[in-house]
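Q: I'm just starting out with protein structures, and I would love a close look at one part of this one. Could you take me through the surroundings of the ligand, and then the aromatic rings and other residues of the chain?

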Amino acid sequence: MNEETQAANTITPFEWIGGEARVQALTDRFYDLMDLEPAYTELRAAHGPELDSARQKLFWFLCGWLGGPSYYTDQFGHPRLRARHMPFSIGIKERDQWVACMDQAMGETGVPDDLRARLRESFMGTADWMRNRGV
Ligand code: HEM
């Protein structure tokens, strides 16, 4: 068993990623990239003028989703992500840009390769399920 497989079997993804400070760094990089990179223009356009509230909420959500503190559900209850995203138009382009932006952020903030690949797959499943537009 290699080190990464062993890590996957004994600790939570939250611990594996390096705890709260790493989740914060990942979330910050994600929204900074969304703001900066032309490749994520449509994704950025689906958001309002400021990203502060989204940044804060995604950080809280990810902590719990990765197996760490339940900041998001403590404050807002069940995430109901599909329902909460209904006001935003989400098609293939937005889904793919979200996942690509998150994957780039994971790469740039040093998420271990094995964990990054697993999370990417999970994010893709969730983002695809949130599509509310055909194309
Ligand atoms: C796996 C994929 C995704 C996850 C885990 C995720 C997660 C979240 C979370 C936790 C929130 C905060 C919800 C709340 O309590 O209000 C949020 C808000 C939002 N998400 Fe997503 N999201 C995903 C994909 C997407 C996609 C594909 C879009 C494309 C349009 C999108 C657009 C937004 C917008 C516009 C907001 C509102 C931001 C604000 O409060 O200003 N999300 N998302």
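A: Here is a walk that begins at the ligand and moves on to the aromatic rings and then to some single residues. Please keep in mind that this is a predicted model.

Let's start with the metal. The ligand carries an iron atom, and the protein gives that iron a single donor: atom NE2 of His85, 2.0 Å away. If you want to find His85 along the chain, look in the loop between α7 (81–84) and α8 (92–108).

Now step back to the whole ligand. It is surrounded by 20 residues, and the closest are Ser53, Tyr72, His85, Trp98 and Met130. Some side chains come up to oxygen atoms of the ligand with a polar atom of their own. For tyrosine 72, the distance from such a side-chain atom to a ligand oxygen is 2.4 Å. Serine 53 has a polar side-chain atom 3.3 Å from an oxygen of the ligand, and for lysine 57 the value is 3.4 Å. Lysine 57 has another partner as well: its charged end sits over the ring of phenylalanine 76, 5.2 Å from the ring centre.

That brings us to the aromatic rings. The structure holds nine aromatic pairs. In phenylalanine 30 and tyrosine 31, the ring centres are 4.9 Å apart and the planes stand at 80°, so this pair is edge-to-face. The cut-off behind that step is simple: planes over 60 degrees apart count as edge-to-face. Both phenylalanine 30 and tyrosine 31 are buried.

Phenylalanine 30 also pairs with tryptophan 98: here the centres are 4.9 Å apart and the planes are at 55°, so the pair is tilted. This pair links distant parts of the chain, since phenylalanine 30 belongs to helix α3 (residues 20–36) and tryptophan 98 to helix α8, 68 residues apart. Tryptophan 98 is buried, as is phenylalanine 30.

You can follow the rings further. Ring pairs join Phe30, Tyr31, Trp60, Phe61, Trp65, Tyr72, Phe76, Trp98 and Phe123 into a cluster. Two names in that cluster, Tyr72 and Trp98, are also among the residues closest to the ligand. Phe76, the ring under the charged end of lysine 57, belongs to the cluster too.

Next, stay with helix α8 for a moment, where glutamine 97 is found. Is glutamine 97 buried or exposed? Its relative accessible area is 9%, so glutamine 97 is buried; the limit for that word is under 20%. Its side chain makes a polar contact, at 2.7 Å, with the side chain of glutamate 42. Setting aside neighbours within four places in sequence, glutamine 97 is in contact with Ala39, Tyr40, Thr41, Glu42 and Leu43.

Arginine 44 lies in helix α4 (residues 41–45). With a relative accessible area of 16%, arginine 44 counts as buried. Beyond residues up to four places away in sequence, arginine 44 touches Met34, Asp35, Pro49, Glu50 and Leu51.

Further along, glycine 48 has its place in the loop between α4 and α5 (52–65). Glycine 48 is partly exposed, with 37% relative accessibility. In helix α5 itself you will find alanine 54, which is partly exposed at 22%. Apart from neighbours within four places in sequence, alanine 54 is in contact with Tyr31 and His47. Tyr31 is the residue whose ring pairs edge-to-face with phenylalanine 30, so this contact connects back to the rings we looked at.

Another residue to look up is methionine 124 in helix α9 (residues 113–129). It is partly exposed, at 24% relative accessibility. Its C-alpha atom is 8.7 Å from that of tryptophan 98, and the two residues are 26 apart along the chain. Methionine 124 touches Arg95, Asp96 and Val99, not counting residues up to four places away in sequence.

Let's finish with the backbone of arginine 80, found in the loop between α6 (71–76) and α7. Most residues other than glycine have a negative phi. Arginine 80 has a positive phi, near 40°, and is partly exposed at 44% relative accessibility.

Definitions and conventions. Residues numbered from 1 in each chain as written. Predicted model: local features only at pLDDT ≥ 70, side-chain atom pairs only at ≥ 80, totals over all residues. Heavy atoms only, no water. Donors = N, O, S within 2.8 Å, 3.2 Å for Na, K, Ca; no water. Helix = DSSP H or I, 4+ residues; strand = E, 2+ residues; numbered from the N terminus. Phe/Tyr/Trp six-rings, centres within 6.5 Å; stacked < 30°, edge-to-face > 60°. Buried < 20%, exposed > 50% of the residue type's maximum accessible area, 1.4 Å probe, protein only. Lys NZ or Arg CZ within 6 Å of the ring centre and 35° of its normal. Near = heavy atom within 4 Å. Polar contact = N/O pair within 3.5 Å; in protein donor to acceptor, adjacent residues only side chain to side chain. Contact = heavy atoms within 4.5 Å.
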